[in-house]
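Subject: A structure for you to explore

Hello,

Here is the structure I promised to pass on to you. Have a look at it first, and then read my notes below with the picture open beside them.

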Amino acid sequence: MAGNLSSRLWVVSAVTGFNVESVSVFSRVVLSIHLMKTDNRLLAVIQSLRDAVALARPGTRLPSVRTLIKEHHVSPATVERAFAQLVVEGLIEPRPGQGTFVREAPESASEGSDFSWQSAALGAARGDSGFLGKLLRVPPADSLILSMGYLPPDLQASGLLATALRQAAGRSELWDRLPIEGLEPLRTWFAREIGNGAVFSPHDVIIYGGGQAAIASIFRALVPPGRPILVETPTYTGAISAARAAGLLLVPVAMDEHGVRPELLADAFRQTGARVFYSQPTFSNPPGIVMSTERRAVVLDIAAKARAFIVEDDWARDLHLTGIAPAPLAAGDRNGHVVYVRSLAKSAAPGLRVAAVMARGAALARLRSARGSDDFFVSGPLQAAALAVVSAPGWKRHLSAIRAALIERRDALVGALHVELGNCVAFQIPTGGMHLWLRLPDHISDIELATEMARQGVVVSAGRAWFPADPEGSFLRLTYASVPASLREGIRRIGQVIKPQI
């Protein structure tokens, strides 16, 4: 062991220019970063050095140990540990006898390369995921976030998840190969959530790595490339992206305050020959519309007459804010027209990439076959953790807490809109989900407004990306999951931009 350590020290010495004794001391300092509890003073010195590196050119000499000791009122050991951390991060390099310097940038591996041949080899893109990529990008830490796809950290079930993952990680059988369909107890839980288990059996359920993966797999499995798929307009931009990536022809069907318009849906089936309709009948994203009970029966009848499938994306079932969410379309489907999707990421945490797809008949067999070609199965510990979370006594308390918080925050957003913008904009107060669909005056560009707000540190989503075809107006999607103070300040800044244009 001593011989191996000595060899390692000589190698490091040769690379860094340090002598063996210095390398030995330095290695102990690096190790101490992981073994000793980091204090606020150390963090302050590290951040100060990072800031200096960010502003300096490669090769710039950094302040000496003595200078940093005086500036931050810390010990020499603290400064040495800070330097060691930045060496580990590859930001600086010590030069014995000279000082510590900003590391020279290594030559790019792609410098001088020619990738132009790839454009012809790849051909035309099958979909534009630019907006979806922007939506998923983590915003700067100091942003006022008024559009997001998930609950913020303070509303996530992080405690339940941490406990569940610790328990699941120790079960060796979960790290082995699992059935494509997923763990049966988890499939049983999902099946029981629909009609108390009277609609789907555990054998009708397939577990996927999140709702987006489920939607993309369903589209590929049920609709051949080049064929039409009917969608509500506006609709979830992730579904638009998945359909385009699969090479499908998006056919928009308009909605009113009660959901998709039945006469337009029937016409679209007849005119296009489509066999799949993607729908969010409960708290649609982004407009927040809830399909009425009467219309649900009519839509199921239209799909039956067209011999078509309805992909029901029930993304916000746990996020109802007034009473209980209406029963899914799937609960009234007797003959296998509804392919049902439900995810846990929206109500638990975005990192819980677990969703279920439920179907019957030949569609189930087709989906199971497609599932196997995607990624075989979802991680066993993650599935077990998901089951432990939704089965825990604290799960219902968690759902009650986030609903109460979302009601408070929704009302704060609505109040701020009334105060700052009055009758300049239009919207319906949502009864579930986490989004508010804001209609802007037609002469105000939603794209330009979203761009300007980003410059001002406010994250909003331009409505145009949520339309599968031409938009019917200018909209913003606002999320009311942030804390009330952020919502009010964000709307104040939006008001400062909009009011001069009215």
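A good place to begin is strand β10, which is covered on both faces: V338, Y340 and R342 are buried on one side, and V339, V341 and S343 are buried on the other. Please keep in mind that this is a predicted model. Strand β10 spans residues 338–343, and six of its six residues are buried, so the strand is largely enclosed by the rest of the structure.

What lies beside this strand? On one side, β9 and β10 pair in the parallel sense over four bridges, and D313 has V341 in β10 as its bridge partner. Strand β11 (residues 355–358) also pairs with β10, this time in the antiparallel sense and again over four bridges. There, the bridge partner of Y340 is M358 in β11.

These strands belong to an open sheet of eight, with mixed pairing and the order β4-β11-β10-β9-β8-β5-β6-β7. Its edges are β4 (205–208) and β7 (259–260), each of which pairs on one side only. If you step further along the sheet, you will find that β8 (residues 276–279) and β9 (residues 309–313) run parallel and share four bridges. In that pair, F277 is matched with I310 of β9.

There is also an open sheet of three strands, in the order β12-β15-β14, with antiparallel pairing. The edge strands here are β12 (435–439) and β14 (461–462), each pairing on one side only. Strand β15 covers residues 475–479 and joins β14 through two bridges in the antiparallel sense. You can find one such spot by looking for S461, which stands opposite R477 in β15.

Now look for helix α16 (residues 393–421), which lies across β12 and β15 and runs at about 15° to β12. This helix has 29 residues and reaches 43 Å from its first C-alpha to its last, close to the 42 Å expected at 1.5 Å a residue. Right after α16 comes G422, with a positive phi near 50°.

Next, the inside of the protein. In soluble globular proteins, nonpolar side chains tend to be buried together. In this model, the largest nonpolar core has 97 residues, and F190 and L478 touch the most other members. Helix α16 gives the largest share of this core, 10 residues. A second, separate core of 35 residues includes I218, L222, V231 and V357.

Which residues does F190 touch, leaving aside those up to four places away in sequence? They are V205, I207, R342, L344, V354, A355, A356 and M358. You have met R342 already, as one of the buried residues of β10, and M358 as the bridge partner of Y340.

Finally, here are some figures for the whole protein. It has 18 helices and 15 strands. Buried residues make up 48% of its 502 residues. Among contacts with a separation of 6 or more, 73% come from residues 24 or more positions apart. The protein exposes about 24,600 Å², and carbon and sulfur atoms supply 55% of that area.

Enjoy looking around, and write back with any questions.

Best wishes

Definitions and conventions. Residues are numbered from 1 along each chain as its sequence is written. This is a predicted model: local features need pLDDT of at least 70, side-chain atom pairs count only at pLDDT 80 or more; totals for chains, interfaces and linings use all residues. Side-chain values use heavy atoms; hydrogens and water are left out. Two strands pair if DSSP finds at least two bridges between them. Contact means heavy atoms within 4.5 Å. Axes are lines fitted to C-alpha atoms, for helices over the stretch in contact, and angles run from 0 to 180 degrees between N-to-C directions. A nonpolar core is a set of buried Ala, Val, Leu, Ile, Met, Phe, Trp, Tyr and Cys residues joined through side-chain atoms within 4.5 Å. Buried means under 20% relative accessible area, exposed over 50%, partly exposed in between (1.4 Å probe, protein chains only). Accessible areas come from the Shrake-Rupley method with a 1.4 Å probe; for residues, only the protein chains shown count as cover. The expected span of a helix is 1.5 Å times one less than its number of residues.
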